[in-house]
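Please consider the sequence and the structure shown here before reading on. The report then describes selected features in turn.

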Amino acid sequence: MSRDSDAHDRRTSDATAGREPVEPTVATDGGSDRRLVGGWEGRYYEDFAVGDVYKHPYGRTVTETDNVWFTNLSMNLNPMHFNEAYAAETEFGERLVDGTFVIALAVGMSVIDVSANATANLGYDDVRHHAPVFHGDTLFAESEVLATRESASRDHVGIVTTELRAYNQDDELVLSLERTPMVLKRSHAEPTPAQPTGWPEGIGTQPEDLE
């Protein structure tokens with residue numbers, strides 16, 4: 001089977017992961033059938049293939065509030081992040097966004113594609129800040145799968161290593177890092193359209209409500 005065929009199969013698997021097959025129907029009385037259809041549950045271990053690149057949806061504009069709050073919360077005392085007069089005298093001419101906030105934001109943006117079904121993060125490696133981030137910059141993130149392997153100690157998960165890259169609105173690389181989560185295998189997951197991940201049993205629309 002060709003690489004293109006493999007990629008098509010993976011895309012099809014991604015599109016339907018966690019969802020029940022649905023055939024469109026139209027009611028003869030002018031209405032439409034109602035049904036519970038599973039939403040996106042994220043990738044499971046079997047969905048990852050080395051070389052795949054996921055461009056994570058939605059950019060995020062970094063605000064002054066983000067920087068000030070995160071700097072205060074993390075007790076970062078470097079005046080480059082909160083003292084405009086001080087920062088104005090540096091080579092950058094203005095405050096810089098806290099680099100650990102940039103890491104947290106980029107990792108968070110990648111969760112929808114990489115680690116929504118992670119059971120643990122094993123490590124963050126080779127972290128590099130390639131360019132400064134300023135208030136008002138909009139960041140975008142993508143992840144490339146570098147390696148996958150079975151867990152030696154846990155049958156229900158596999159281990160995935162990705163390179164995470166973040167860019168600003170000018171296509172300038174501002175951050176790169178490798179991260180390695182343990183990701184649940186699909187055979188051990190039990191989400192349903194009526195009770196997706198994170199929902200207690202019996203909340204919201206139930207199958208009997210549609211009968």
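The following sections cover the overall fold, the aromatic pairs and one further residue of helix 2.

## Overall architecture

The structure is a predicted model. The protein has 211 residues, of which 37% are buried. It contains 4 helices and 6 strands, and these elements succeed one another along the sequence as α-β-β-α-α-α-β-β-β-β.

Among contacts in the protein with a separation of 6 or more, 69% are between residues 24 or more positions apart. The exposed surface of the protein amounts to about 12,300 Å², and carbon and sulfur atoms supply 51% of that area.

## Phe-48, Tyr-54 and Arg-43

A pair of aromatic rings is described by the distance of the centres and the angle of the planes. The structure holds 2 aromatic pairs. One of them joins Phe-48 and Tyr-54: the ring centres are 6.1 Å apart and the planes meet at 70 degrees, so the arrangement is edge-to-face. The class follows because planes over 60 degrees apart count as edge-to-face.

Both partners are buried: Phe-48 has a relative accessible area of 7%, and Tyr-54 likewise has a relative accessibility of 7%. Tyr-54 also has a charged neighbour, since the charged end of Arg-43 sits over the Tyr-54 ring at 3.7 Å from its centre.

## Phe-70 and Phe-101

Another aromatic pair is formed by Phe-70 and Phe-101. Their ring centres lie 5.4 Å apart, with 65 degrees between the planes, and the pair is edge-to-face. It links distant parts of the chain, as Phe-70 belongs to helix 2 and Phe-101 to helix 4 (residues 99-114), with their positions 31 residues apart in sequence.

Are the two rings' residues buried or partly exposed? Phe-101 is buried, with a relative accessible area of 10%, whereas Phe-70 is partly exposed at 22% relative accessibility. Phe-70 falls outside the buried class because that class requires a value under 20%.

## Val-68 in helix 2

Helix 2 spans residues 64-73 and includes Val-68. The relative accessible area of Val-68 is 26%, so this residue is partly exposed.

Which distance separates Val-68 from Asp-98 in space? The C-alpha atoms of Val-68 and Asp-98 are 8.7 Å apart, while the two residues are 30 residues apart in sequence. Helix 2 thus holds both Val-68 and Phe-70, the residue paired with Phe-101 of helix 4.

Notes
Residues numbered from 1 in each chain as written. Predicted model: local features only at pLDDT ≥ 70, side-chain atom pairs only at ≥ 80, totals over all residues. Heavy atoms only, no water. Helix = DSSP H or I, 4+ residues; strand = E, 2+ residues; numbered from the N terminus. Buried < 20%, exposed > 50% of the residue type's maximum accessible area, 1.4 Å probe, protein only. Contact = heavy atoms within 4.5 Å. Areas by Shrake-Rupley, 256 points an atom, 1.4 Å probe, with all protein chains shown as cover. Phe/Tyr/Trp six-rings, centres within 6.5 Å; stacked < 30°, edge-to-face > 60°. Lys NZ or Arg CZ within 6 Å of the ring centre and 35° of its normal.
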